[in-house]
Amino acid sequence: MQTMRFATYLAPNIYDTYAYIARYLGEKTDHPTTLIVGQSFDQIADGQVDIAFMCGLPYATLAESPTCPFELLAAPVLRGERYQHKPIYFSDVIVRKESPYTSFDDLRGCAWAYNQRESHSGWNIVVYSLLKRGNTPAFFGPLIETGSHQRSIAHVLNGQTDATAIDSHVLDVFLAQNPTAAAALRAIDMLGPSSIPPVVIARSVDQTLKRNIQEALLTMHEDPRTANALRAGAIERFVQVRDEDYQDIRQMRD
């Protein structure tokens with residue numbers, strides 16, 4: 001039987017949750033599964049990956065192409081009152097607890113960490129928020145590209161930078177897993193909401209299998225065992241989303 005090949009292009013601190021989801025979908029559809037850390041979205045086009053957990057910004061950009069090799073499967077709804085039971089998330093602006101900064105507008109001249117320019121929560125919405133305020137990235141002092149949200153958090157914790165913006169899903173899980181670090185950090189602003197990073201599936205996947213995978217994903221929260229596994233990754237459930245839902249990210253990008 002053909003193996004369903006999954007890839008995650010998202011933060012490593014939620015890898016275990018993605019791995020559980022991949023195994024669960026394999027069990028529900030009677031297919032063996034693998035999960036890799038994605039290196040390039042060409043892996044989907046080249047037939048190396050069938051299902052991917054990916055950031056909303058590359059999704060929004062790549063889906064504009066008529067030859068896009070994948071389509072939306074579903075998106076997570078996160079646990080927490082601020083998410084309003086909707087497939088949205090935020091970009092949380094964090095500083096050290098003893099920092100004098102109290103809002104995004106206070107950060108002029110600060111040393112700013114960001115994960116990468118391809119990230120919506122780490123860069124796209126930050127620049128958009130600056131432009132809305134009549135500023136550019138030059139509003140900050142030194143700009144340090146860290147390569148990941150977790151490295152950006154570490155930069156703030158150890159004083160290499162003053163502030164950063166973190167995907168709220170990543171931050172929720174990080175703070176729950178690291179209470180000592182949580183006590184040393186403070187959120188001073190919340191950018192968003194934005195449409196949350198989706199799960200996508202290659203267009204080449206058999207249509208019947210695709211429907212079965214989607215049904216399993218959309219109903220997995222109904223099983224107490226799998227609901228607990230989702231809870232560990234701060235996920236309430238998965239819901240259907242449409243391409244139009246990601247227009248907010250495109251508008252910010254443009």
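Here is a walk through the structure, from its enclosed core elements to its backbone oddities and its main pocket.

Keep in mind that this is a predicted model, in which local features need pLDDT of at least 70, side-chain atom pairs count only at pLDDT 80 or more, and totals for chains, interfaces and linings use all residues. Numbering starts from 1 along each chain as its sequence is written, and side-chain values use heavy atoms, with hydrogens and water left out.

Let's start with strand 8, residues 163-167 (strands are DSSP runs of E with at least two residues, helices are runs of H or I with at least four, and both are numbered from the N terminus). Because 5 of its 5 residues are buried, strand 8 is largely enclosed by the rest of the structure. Here, buried means under 20% relative accessible area, exposed means over 50%, and partly exposed is in between, using a 1.4 Å probe and protein chains only. Which strands pair with strand 8? Strand 5 runs antiparallel to it, joined by 5 bridges, while strand 6 (residues 112-114) pairs with it in the parallel sense over 2 bridges. Pairing requires that DSSP finds at least two bridges between two strands. Ala163 is a handy place to look: Val95 stands opposite this residue, and so does Trp112.

Next comes helix 4, residues 120-132. With 10 of its 13 residues buried, this helix is also largely enclosed by the rest of the structure. Among the buried ones are His120, Trp123, Ile125, Val126, Val127 and Leu130. At the N-terminal end, Ser119 acts as the cap, placing a side-chain oxygen 2.9 Å from the backbone nitrogen of Gly122. Just after the helix, Gly134 takes a positive phi of about 80°.

Now for some backbone oddities. Most residues other than glycine have a negative phi, and most peptide bonds are trans. Asp30 has a positive phi of about 60° despite not being a glycine. You'll find Asp30 in the loop between helix 1 (15-29) and strand 2 (33-37), and its relative accessible area of 57% makes it exposed. His85 also has a positive phi of about 60° and is not a glycine either. This one sits in the loop between strand 4 (70-78) and strand 5 (88-96), and is exposed at 55% relative accessible area. Where is the cis peptide bond that involves Pro193? The bond runs from Gly192 to Pro193, with omega near 15°, and Pro193 belongs to strand 9 (residues 185-195).

Further along the chain, Gln247 lies in helix 10 (residues 247-253). Its relative accessibility is 36%, so Gln247 counts as partly exposed. The side chains of Gln247 and Arg250 make a polar contact of 3.1 Å (a pair of N or O atoms within 3.5 Å; within protein, one must be able to donate a hydrogen and the other to accept it, and residues adjacent in sequence count only if both atoms are side-chain atoms). Gln247 and Ser194 are 53 residues apart in sequence, with a C-alpha to C-alpha distance of 9.7 Å.

Finally, look at the largest pocket, which has a volume of about 530 Å³. A pocket is an open set of points on a 1 Å grid over the protein atoms alone where a 1.4 Å probe fits, with protein on both sides within 12 Å along at least five of seven lines, and lining residues have an atom within 4 Å of a point. The volume is the space filled by probe spheres set on the points, which are joined across faces, edges and corners. Of the 25 lining residues, Tyr9, Leu10, Ala11, Asn115 and Gln116 lie nearest the centre.
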